[in-house]
Amino acid sequence: MVKVGDVVNYRGSMFIILNVLAVRVMINRENGELMTMSDCLGQQYRTPDLSADYITT
């Protein structure tokens, strides 16, 4: 499971997790093991931080 601040590789690019929006627990049909899928807000690594342009609501 990912947490805020983690750096992850997604589709060939590195992202920093800024917020975890949702987590779903699923069963792997091939081996019956539990796995998680997370919906996250992230920023691509080494790109300008544009968050200062937005107002927190």
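What share of the contacts between residues at least 6 apart in sequence join residues at least 24 apart in the protein chain? I looked this up before anything else, and I got 28%.

**Model and confidence**

I am working with a predicted model here. I checked pLDDT next: the protein chain averages 89, and 95% of the residues score at least 70. Going element by element, I found the highest mean, 94, in strand β1 (residues 7–10). Strand β3 (residues 34–44) has the lowest mean among the elements, at 92. Reminder to self: where pLDDT is low, the predicted coordinates should not be read in detail.

**Fold and overall shape**

I counted 3 strands and 0 helices in the protein chain. Read along the sequence, I get β-β-β. The radius of gyration is 14 Å, while the globule rule gives 10 Å for 57 residues, so I noted the protein chain as more spread out than a compact globule. For the C-alpha trace I have spans of about 45 × 30 × 15 Å along the principal axes.

**Burial and surface**

How much of the protein chain is buried? I find that buried residues make up 5% of the 57. For the accessible surface of the protein chain I noted about 5200 Å², with 55% of that belonging to carbon and sulfur atoms.

**Charges**

I tallied 6 negative and 5 positive side chains in the protein chain. The centres of these two sets lie 4 Å apart.

**L34**

I picked L34, which lies in strand β3. Is L34 buried or exposed? Its relative accessible area is 64%, and the cut-off for exposed is over 50%, so I put L34 down as exposed. Which residues does L34 touch, leaving aside neighbours within four places in sequence? I listed V25, M26 and I27.

**Two arginines with positive phi**

Most residues other than glycine have a negative phi, so I looked at the exceptions I had flagged. R11 has a phi near 55°, a positive value, and is not a glycine. I located R11 in the loop between β1 and β2 (13–27). With a relative accessible area of 75%, R11 is exposed.

Where does R46 sit? I placed R46 in the segment after β3. R46 is not a glycine either, yet I read a positive phi of about 65° for it. I also have R46 as exposed, with a relative accessible area of 75%.

Note on methods:
Residues numbered from 1 in each chain as written. Predicted model: local features only at pLDDT ≥ 70, side-chain atom pairs only at ≥ 80, totals over all residues. Heavy atoms only, no water. Helix = DSSP H or I, 4+ residues; strand = E, 2+ residues; numbered from the N terminus. Rg over C-alpha atoms; globule rule 2.2 N^0.38 Å. Buried < 20%, exposed > 50% of the residue type's maximum accessible area, 1.4 Å probe, protein only. Contact = heavy atoms within 4.5 Å. Areas by Shrake-Rupley, 256 points an atom, 1.4 Å probe, with all protein chains shown as cover. Lys, Arg positive; Asp, Glu negative; His and termini not counted. Charge placed at Lys NZ, Arg CZ, Asp CG, Glu CD. pLDDT = per-residue confidence, 0-100.
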